[in-house]
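I opened this notebook to keep track of what I looked up, one entry at a time. The entries follow the order in which I went through the chain.

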Amino acid sequence: MKRLLNMKIFVSVVLIAIGGFWLHLANQLGTGKTGDQSTWGTTATLPKFILTLFIICNAIVLILEIRNALKAAEAEKDPLDIKSLKISILMMAIIFAYAFVIDYLGYIVSNIILVFIALWLFGERNWIRLVALPVGVTAVLYAVFKYVLLVSLPGLWFL
């Protein structure tokens, strides 16, 4: 039973709980004068859709990790890796800090820094990729949010 309690399973359960709490908060958005829940793309429906996808993806990851832990238990291999545990905790702290910094640095700068740090933590050492991927991912996400979903993103605090 101890082998089923690895960090990846714990993180998946915590993320599902956080997603459920955020979904509860998103359900409260429609109760005020923030938008009509019957129309797609309002302030009430987009967070619910995104959070539902977030919960579903984490549930899939949880199921896959339980299967992997069961296979590892059968093979008598320890699924807990201290390095990946530290990286997971550090990445959760960085995402938590990102949520606070985005209001001051804006979406573009904050997202480029977040993707750069994530790539670095997960082992990418090629400087071309470390610069090109964060800029490219941020540009694509900015275009999708700004021009497709018509969502305004936080800018720099002095603009």
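**Entry 1: F116 and its surroundings**

I began with F116, which lies in helix 3; I note at the outset that the model is predicted. I looked up its exposure and found a relative accessibility of 27%, which puts F116 among the partly exposed residues, because that class starts where buried, under 20%, ends. Setting aside residues up to four places away in sequence, I found F116 touching W127, L130 and P134. I also took the C-alpha distance from F116 to R129, which comes to 9.2 Å for two residues 13 apart in sequence.

**Entry 2: The salt bridge**

Since R129 had come up, I looked at what its side chain does, and found it meeting the side chain of E124 in a salt bridge, with 3.4 Å from N to O. A search of the whole structure returns 1 salt bridge. I then compared the exposure of the two partners: E124 has a relative accessible area of 19% and is buried, whereas R129, at 44%, is partly exposed. The value for E124 counts as buried because the cut-off is under 20%.

**Entry 3: The chain as a whole**

I stepped back to the overall make-up and counted 4 helices and 0 strands in the protein chain, with the elements running α-α-α-α from the N terminus on. Of the 159 residues, 24% are buried. The accessible surface comes to about 11,100 Å², and carbon and sulfur atoms account for 73% of that surface. Among contacts between residues at least 6 apart in sequence, I noted that 58% join residues at least 24 apart.

**Entry 4: The course of helix 3**

I returned to helix 3, which covers residues 82-121, and asked what distance separates its end C-alpha atoms. They are only 14 Å apart although the helix has 40 residues, and a straight helix would reach 58 Å at 1.5 Å a residue. Looking for a bend, I found one of about 125 degrees at G106. Just after helix 3, G123 takes a positive phi of about 105 degrees.

**Entry 5: Residues along helix 3**

I next looked up S88, which lies in helix 3 and, at 26% relative accessibility, counts as partly exposed. The C-alpha atoms of S88 and M7 are 8.3 Å apart, although 81 residues separate the two along the chain.

S110 also has its place in helix 3, but this serine is buried, with a relative accessibility of 3%. Leaving aside neighbours within four places in sequence, S110 is in contact with Y98, V101, I102 and L105.

**Entry 6: The nonpolar core**

I then asked which residues form the largest nonpolar core. It has 9 members, namely I87, M91, I94, Y98, I102, Y107, L114, A118 and L121. From that list I followed L114, which, apart from its neighbours within four places in sequence, is in contact with M91, I94, I95 and Y98. Y98 is therefore a contact that I have now recorded for both L114 and S110, with contact here meaning heavy atoms within 4.5 Å.

**Entry 7: T138 in helix 4**

Moving on to helix 4, which spans residues 127-148, I looked up T138 within it. Is T138 buried or exposed? At 2% relative accessibility it counts as buried. Not counting residues up to four places away in sequence, T138 touches Y107, I108, N111 and I112, and of these contacts Y107 is also one of the residues in the largest nonpolar core.

**Entry 8: Two leucines**

I closed with two leucines, of which L150 lies in the segment after helix 4. Its phi is near 55 degrees, a positive value in a residue other than glycine, and at 68% relative accessibility L150 counts as exposed.

The other leucine, L64, lies in helix 2, residues 45-74, and is partly exposed, with a relative accessible area of 41%. I took the C-alpha distance from L64 to I9 and noted 9.2 Å in space, for residues 55 apart in sequence.

Technical notes
Residues are numbered from 1 along each chain as its sequence is written. This is a predicted model: local features need pLDDT of at least 70, side-chain atom pairs count only at pLDDT 80 or more; totals for chains, interfaces and linings use all residues. Side-chain values use heavy atoms; hydrogens and water are left out. Buried means under 20% relative accessible area, exposed over 50%, partly exposed in between (1.4 Å probe, protein chains only). A nonpolar core is a set of buried Ala, Val, Leu, Ile, Met, Phe, Trp, Tyr and Cys residues joined through side-chain atoms within 4.5 Å. A salt bridge is a side-chain nitrogen of Lys or Arg within 4 Å of a carboxyl oxygen of Asp or Glu. Accessible areas come from the Shrake-Rupley method with a 1.4 Å probe; for residues, only the protein chains shown count as cover. The expected span of a helix is 1.5 Å times one less than its number of residues. The bend at a residue is the angle between axes fitted to the seven residues ending there and the seven starting there.
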